[in-house]
Amino acid sequence: HKQNNKVLSRISKIVIKNGEKHKSVGFAARGQLHKETVFGKRQPPRHSESFHIRKSITTLKDKKHIGQVVDDTIRKLILDHLRDQCGVDITKDKFSVPPDAFFKDGKPRLFLPNRKGGEPVPVKKVRMREHVGNAVQLKTNINQHVNPRNNHHVLIYEDFDGNLQEQVVSFIEVVERQKNGDPVYQLPKEDGKQIVTTLEINDMFLLGLDDDVEICNKNAHLLTKHLYRVQKVSSSYYTFRHHLASTLDNKNEEIYIQSFIAWEKWNPKKVKLDSLGKITRL
């Protein structure tokens with residue numbers, strides 16, 4: 001399970017300035033920084049602050065989706081239309097939106113009155129309220145937020161009270177750290193005492209192994225039974241898969257750690273393997 005932990009690549013290109021060629025050197029991120037969708041952060045009247053995005057009205061598939069429509073007037077208009085024109089019982093806890101509820105034969109069916117007295121205005125898009133737990137603002141002076149695409153690592157550390165804590169660090173945060181010349185792995189300033197370990201995709205760990213077992217090649221037959229790679233990392237949810245697993249379907253080859261009680265039970269020990277399969281403790 002070879003890793004490629006490189007975050008930035010140095011790039012150079014030729015630019016023409018004042019009729020002369022100049023070599024420009026910069027950096028490019030080795031991966032997608034965030035998901036494509038850009039959100040605005042707003043606080044409508046009588047609502048809490050949330051992230052908003054405009055979507056086609058045809059994306060509304062059920063009652064839950066309609067509940068995410070920000071504008072109270074538009075939401076009521078949609079519900080009334082479904083009840084009166086589409087025969088939907090909107091009093092139910094759950095209901096589905098008919099496929100032709102808003103467009104039929106390519107023509108819109110839902111309209112808003114025209115404030116200027118003209119023809120009614122068809123409703124084609126609605127503003128939706130979305131939950132983005134770890135949103136990042138693109139620029140400080142622009143109300144544009146994105147959802148980081150991937151987590152780069154999880155930092156397990158000990159606070160000043162001796163308790164285990166975690167910090168999930170996104171790929172976009174690591175890119176900014178490297179661009180600024182800062183360390184990739186950093187203790188939180190407010191409560192970080194010491195780093196216990198870090199988890200990244202394809203890191204190798206020994207799980208469920210007693211502390212008195214020596215990590216060396218003479219114990220390879222035992223170590224291979226306890227050797228797992230990190231498959232997924234997110235907040236309080238770490239997925240490990242046995243290093244010999246060849247499929248994603250066998251749950252017996254997976255271990256999930258979702259609390260520090262489980263962490264201490266499985267006693268993870270981070271190791272590395274060289275090209276000959278020799279295991280050493282990190």
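Strands β16 (residues 227-234) and β17 pair in the antiparallel sense, with six bridges between them. This pairing belongs to a predicted model. Within it, V233 has Y238 of β17 as its bridge partner. The two strands form a hairpin, and two residues lie between them. One turn residue, S236, has a positive phi of about 55 degrees.

Strand β17 also pairs with β18 (residues 254-257). Four bridges join these strands, which run antiparallel. Here R241 has E254 of β18 as its bridge partner. Strand β17 itself spans residues 237-242. Five of its six residues are buried, so β17 is largely enclosed by the rest of the structure.

Helix α2 covers residues 72-85, a run of 14 residues. From first C-alpha to last, α2 reaches 19 Å. That is close to the 20 Å expected at 1.5 Å a residue. Its buried residues are I74, R75, I78, H81 and L82. They cover an arc of only 125 degrees around the axis, so they sit on the same side of α2. The buried residues of α2 pack against three elements: α1 (63-67), β7 (111-112) and β9 (125-130). The face turned away from the buried side carries exposed residues T73, K76 and D84.

Both ends of α2 have local features of note. At the start of the helix, a side-chain oxygen of D71 reaches to within 2.8 Å of the backbone nitrogen of T73. T73 is also one of the exposed residues on the face turned away from the buried side. After the helix comes G87, whose phi is positive, near 70 degrees.

A further site centres on K270. This lysine is found in strand β19, which comprises residues 269-273. Its relative accessibility is 14%; the cut-off for a buried residue is under 20%. K270 therefore counts as buried. The side chain of K270 makes a polar contact of 3.2 Å with the side chain of D203. Leaving aside residues up to four places away in sequence, K270 touches T197, T198, D203, M204, F205, R281 and L282. D203 is thus listed among the residues touched by K270, and the polar contact joins the side chains of this pair.

Conventions: Residues numbered from 1 in each chain as written. Predicted model: local features only at pLDDT ≥ 70, side-chain atom pairs only at ≥ 80, totals over all residues. Heavy atoms only, no water. Buried < 20%, exposed > 50% of the residue type's maximum accessible area, 1.4 Å probe, protein only. Polar contact = N/O pair within 3.5 Å; in protein donor to acceptor, adjacent residues only side chain to side chain. Contact = heavy atoms within 4.5 Å. Expected span 1.5 Å × (residues − 1). Arc of directions from axis to C-beta. Pairing = 2+ DSSP bridges.
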